[in-house]
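This briefing goes through a protein model topic by topic, beginning with paired charges and ending with single positions in the fold. Please keep the sequence and the structure in view while reading.

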Amino acid sequence: MRPPGFRNFLLLASSLLFAGLSAVPQSFSPPSLRSWSGAACRLSRAESERRCRAPGQPPGGALCHGRGRCDCGVCICHVTEPGTYFGPLCECHEWVCETYDGSTCAGHGKCDCGKCKCDEGWSGDACQYPANCDLTKKKSNQMCKNSQDVICSNAGTCHCGRCKCDNSDGNGLVYGKFCECDDRECIDDETEEICGGHGKCYCGNCYCEAGWHGDKCEFQCDITPWESKRGCTSPDGKICSNRGTCVCGECSCHDVDPTGDWGDIHGDTCECDERDCRAVYDRYSDDFCSGHGQCNCGRCDCKVGWYGKKCEHPRSCPLSAEESMKKCQGSSDLPCSGRGKCECGKCTCYPPGDHRVYGKTCECDDRRCEDLDGVVCGGHGTCSCGRCVCERGWFGKLCQHPRKCNMTEEQSKSLCESADGILCSGKGSCHCGKCICSAEEWYISGEFCDCDDRDCDKHDGLICTGNGICSCGNCECWDGWNGNACEIWLGTEYP
């Protein structure tokens, strides 16, 4: 039970509250600038927009940096791209900070509204430069070399193993870990705009908006993108048969013959590939279908007396096509070890007249005993069926390592350290200042065991088609051969 005075207290408090509220003018509303709170905005439209516009922007300029809506002078940020916008005027984005080697602020700082705040001991737009460098100049330069062994792509300078790109005008158009990207290549000479204002530039190449084409997106199509795509669709439903580029409804095939005529890839939608008719890809020869047939849009129509996918098998041969191929294949995965032409169970090795390729199934290739300079077995051995037999005191795949070493272990190891300071990239052992890459991983190669031969192009399942040496991801072709995978024969005779 409540005390007697409690009821009197409630009556008095209620009377005072009613009297106080009655004295407030009827037009009064709580002062607030935010309409989303439920109250009316007391700012004019012009004043509200002024507060939502970046300093220095003229009337009519983008509100909230185009990344939000203006609500009574306050920016309400919203997401139009991946990431999160924030800041009083939606000026900040969590992904706009500089990156280096795939890491925001190089992993040595924090992103603060578009700018990296570097940790102590680091500097640069992406916090990529250490204040103190403990690398030798040799190691530093090695870390700055691109895939062509050019320091900073000749477009910058090397600072402690990191490239500083030349951007004297401050536009930042030269960038990349090795300064390999130069977006100045995308600037249209006439309009001086990036990709003519009709595309985006990535690493020096323009990617045009729908309806525009050209190296710098300078030409406009007179048909719709849908009509363009329909005109370029091949019978199998692929755009230009995945062998060309669609430009305004017409396919530009990736292969162009040096004579100016259509090349090995042709057709309205690049559906024809004459390379399928060749026993060996030789763009300068008319010897299609092994010389025994006519190539019709990538399919061989054989002459009387011959058959096979490439008209390589004579009907007069007592062997079937399968038996012939089996005899030519031997222990290899490919007929004639991928180095010759099979006819009625017999291999003709190519290149013609090259005594270095021989054997019943062309299994011996003495070119494999040569280094990039053409020296056989390093000058310290003889070649036998593609393998080096080293002289006494030498060993290695190319007899390149002496068994005796006249340097200390410390001196030897100092020459075997890769750019990251790891001995032979952790994939080999060091002997007399040179790395011996692990035999268990056949594909590891390079001066510091830092290359992967699986990166080299293949043709017919063979690295460099068996017609060259894989050198750190690129095929170095032997004489007479060309192409990314050394698959093109350029010799005077056709095998």
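A salt bridge is taken here as a side-chain nitrogen of Lys or Arg within 4 Å of a carboxyl oxygen of Asp or Glu. By that criterion the side chains of Lys 117 and Asp 112 meet in a salt bridge, with 3.1 Å from N to O. The model is a predicted one, and a search of the whole structure finds 13 salt bridges.

**Overall composition**

- The secondary structure of the protein chain comes to six helices and 44 strands.
- The protein chain has 495 residues, of which buried residues make up 32%.
- About 30900 Å² of the protein chain is exposed, and carbon and sulfur atoms supply 49% of that area.
- When contacts in the protein chain between residues at least 6 apart in sequence are considered, 28% of them join residues at least 24 apart.

**Salt bridges**

- Side chains of opposite charge can pair when their charged atoms come close.
- In the pair formed by Lys 117 and Asp 112, Lys 117 is exposed, with a relative accessible area of 54%, whereas Asp 112 is partly exposed at 38%.
- Arg 50 forms a salt bridge with Glu 47, and the closest N and O atoms of the two are 2.8 Å apart.
- Arg 50 and Glu 47 are separated by about one helical turn, because they stand three residues apart in helix H2, which covers residues 45-51.
- Arg 50 counts as partly exposed at 49% relative accessibility, and Glu 47 likewise counts as partly exposed, at 22%.
- The pairing of Arg 50 with Glu 47 belongs to a wider arrangement, in that Glu 47, Arg 50 and Arg 51 are linked in a network of salt bridges.

**Helix H6 and Glu 409**

- Glu 409 is found in helix H6, which covers residues 409-416, and it forms a salt bridge with Lys 413 in which the closest N and O atoms are 3.2 Å apart.
- Since Glu 409 and Lys 413 are four residues apart in helix H6, about one helical turn separates them.
- Glu 409 is exposed, with a relative accessible area of 57%, while Lys 413 counts as partly exposed at 36% relative accessibility.
- Glu 409 also has a counterpart further along the chain, as the C-alpha atoms of Glu 409 and Cys 432, 23 residues apart in sequence, are separated by 7.7 Å.

**A negative surface patch**

- Asp 149, Asp 420, Glu 447 and Asp 450 form a negative surface patch.
- One of these residues, Glu 447, lies in the loop between strand S37 (444-445) and strand S38 (451-452).
- Glu 447 is exposed, because its relative accessible area of 60% is over the 50% cut-off for that class.

**Positive phi in two loops**

- Most residues other than glycine have a negative phi.
- Glu 192, a residue other than glycine, has a positive phi near 60°, and Glu 192 is found in the loop between strand S14 (181-182) and strand S15 (199-202).
- Ser 241, also a residue other than glycine, has a positive phi near 55°, and its place is the loop between helix H4 (225-232) and strand S19 (244-247).
- The surroundings of the two are described by opposite words, for Glu 192 is exposed, with a relative accessible area of 64%, whereas Ser 241 counts as buried at 9% relative accessibility.

**Contacts of two strand residues**

- His 266 is placed in strand S21, which covers residues 265-266, and it counts as buried because its relative accessibility of 14% is under the 20% cut-off.
- Not counting residues up to four places away in sequence, His 266 touches Cys 253, Glu 271, Cys 272 and Glu 274.
- Ile 463 lies in strand S40, which covers residues 462-463.
- With neighbours within four places in sequence left aside, Ile 463 is in contact with Trp 442, Asp 453, Cys 456, Asp 457, Lys 458 and Cys 470.
- Ile 463 and Cys 475, twelve residues apart in sequence, have their C-alpha atoms 8.2 Å apart in space.

Methods:
Residues are numbered from 1 along each chain as its sequence is written. This is a predicted model: local features need pLDDT of at least 70, side-chain atom pairs count only at pLDDT 80 or more; totals for chains, interfaces and linings use all residues. Side-chain values use heavy atoms; hydrogens and water are left out. Buried means under 20% relative accessible area, exposed over 50%, partly exposed in between (1.4 Å probe, protein chains only). Contact means heavy atoms within 4.5 Å. Patches are made of residues with over 30% relative accessible area and no salt bridge: like charges are joined within 9 Å, nonpolar side chains (Val, Leu, Ile, Met, Phe, Trp, Tyr) within 5 Å. Accessible areas come from the Shrake-Rupley method with a 1.4 Å probe; for residues, only the protein chains shown count as cover. Lys and Arg count as positive and Asp and Glu as negative; His and the chain ends are not counted. The place of a charge is taken as NZ of Lys, CZ of Arg, CG of Asp or CD of Glu.
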